[in-house]
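These exercises are to be worked with the sequence and the structure open side by side. Read each task, try it, and then follow the solution step by step.

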Amino acid sequence: MPDGTPAPTVMTELELVRFLRLDEEGRDPSKARNSIQHYREKRLLRGCRIGRNVRYTLAEVLRFLEAKVAEDNDRRARA
């Protein structure tokens, strides 16, 4: 996590927001959660519903980041 503590293997949306640092620069956490929901709705990030909440595995989050980096690199190569 950004504060140096180890990332949990299963994260809540709020933990994921912190892990991806979407709460930096004074950004409203609820808007950052909207970004997570957007990626989930586009099926770019897969969550798992446990009870009433959606959880994200660390492996899935790392897979998502790898895909986003590859997408960004492809976009830069075409520019």
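The model is predicted.

**Exercise 1.** Classify Arg43 as buried or exposed, then describe its place in the chain and its backbone.

Solution.
Step 1. The relative accessible area of Arg43 is 73%. Exposed means over 50%, so Arg43 is exposed.
Step 2. Arg43 sits in the loop between helix 2 and strand 2 (48-50).
Step 3. Its phi is positive, about 65 degrees, although Arg43 is not a glycine. Arg43 follows helix 2.

**Exercise 2.** Describe Arg21 in the same way: its phi, its place and its exposure.

Solution.
Step 1. Arg21 is a residue other than glycine, and its phi has a positive value near 60 degrees.
Step 2. The loop between helix 1 and helix 2 holds Arg21.
Step 3. With 43% relative accessibility, Arg21 counts as partly exposed. The class runs between the limit for buried, under 20%, and the limit for exposed, over 50%.

**Exercise 3.** How many helices and strands does the protein have, and in which pattern do they follow one another?

Solution.
Step 1. The protein contains three helices and three strands.
Step 2. Along the sequence they give the pattern β-α-α-β-β-α.
Step 3. For the overall dimensions, take the C-alpha trace along its principal axes: the spans are about 40 × 25 × 25 Å.

**Exercise 4.** Check the span of helix 2 against its expected value, and find which of its residues are buried and which are exposed.

Solution.
Step 1. Helix 2 covers residues 29-41, which is 13 residues. From first C-alpha to last it reaches 18 Å, close to the 18 Å expected at 1.5 Å a residue.
Step 2. Ala32, Ser35 and Ile36 are buried in helix 2.
Step 3. Viewed down the axis of helix 2, the buried residues fall within an arc of 95 degrees, so they line one face of the helix.
Step 4. Lys31 and Glu41, on the other side of helix 2, are exposed.
Step 5. The cover over the buried residues of helix 2 includes helix 1 (13-19) and strand 3 (53-57).

**Exercise 5.** Ser35 and Arg33 are both found in helix 2. Give the exposure class of each residue and name its contacts beyond four places in sequence.

Solution.
Step 1. Ser35 has 19% relative accessibility. The cut-off for buried is under 20%, so Ser35 counts as buried.
Step 2. Once neighbours within four places in sequence are set aside, Ser35 is in contact with Leu22 and Arg27.
Step 3. Arg33, with a relative accessible area of 36%, is partly exposed.
Step 4. With the neighbours within four places again set aside, Arg33 is in contact with Glu13, Leu14 and Val17.
Step 5. Take one of these partners, Glu13: Arg33 and Glu13 are 20 residues apart in sequence, and their C-alpha atoms are 6.7 Å apart in space.

**Exercise 6.** Repeat the check of span and buried face for helix 3.

Solution.
Step 1. Helix 3 runs over residues 58-78. At 1.5 Å a residue, its 21 residues should span 30 Å, and the end C-alpha atoms are 30 Å apart, which agrees.
Step 2. The buried residues in helix 3 include Glu60, Val61 and Phe64.
Step 3. Seen down the axis of helix 3, its buried residues lie within an arc of 100 degrees, so they line one face of the helix.
Step 4. On the other side of helix 3, Ala59, Glu66, Arg76 and Ala77 are exposed.
Step 5. Strand 1 (10-11), helix 1, helix 2 and strand 3 are among the elements that cover the buried residues of helix 3.

**Exercise 7.** How far apart are the C-alpha atoms of Ala67 and Arg49, and what is the exposure class of Ala67?

Solution.
Step 1. Ala67 and Arg49 are 18 residues apart along the chain, and their C-alpha atoms are separated by 22 Å.
Step 2. Ala67 lies in helix 3. Its relative accessible area is 37%, so Ala67 is partly exposed.

**Exercise 8.** Describe burial, surface and charge for the protein as a whole.

Solution.
Step 1. Of its 79 residues, 22% count as buried.
Step 2. The accessible surface comes to about 5800 Å², and 49% of this belongs to carbon and sulfur atoms.
Step 3. The protein has 17 positive and 13 negative charges, and the mean positions of the two sets are 6 Å apart.

How values were computed:
Residues numbered from 1 in each chain as written. Predicted model: local features only at pLDDT ≥ 70, side-chain atom pairs only at ≥ 80, totals over all residues. Heavy atoms only, no water. Helix = DSSP H or I, 4+ residues; strand = E, 2+ residues; numbered from the N terminus. Expected span 1.5 Å × (residues − 1). Buried < 20%, exposed > 50% of the residue type's maximum accessible area, 1.4 Å probe, protein only. Arc of directions from axis to C-beta. Contact = heavy atoms within 4.5 Å. Areas by Shrake-Rupley, 256 points an atom, 1.4 Å probe, with all protein chains shown as cover. Lys, Arg positive; Asp, Glu negative; His and termini not counted. Charge placed at Lys NZ, Arg CZ, Asp CG, Glu CD.
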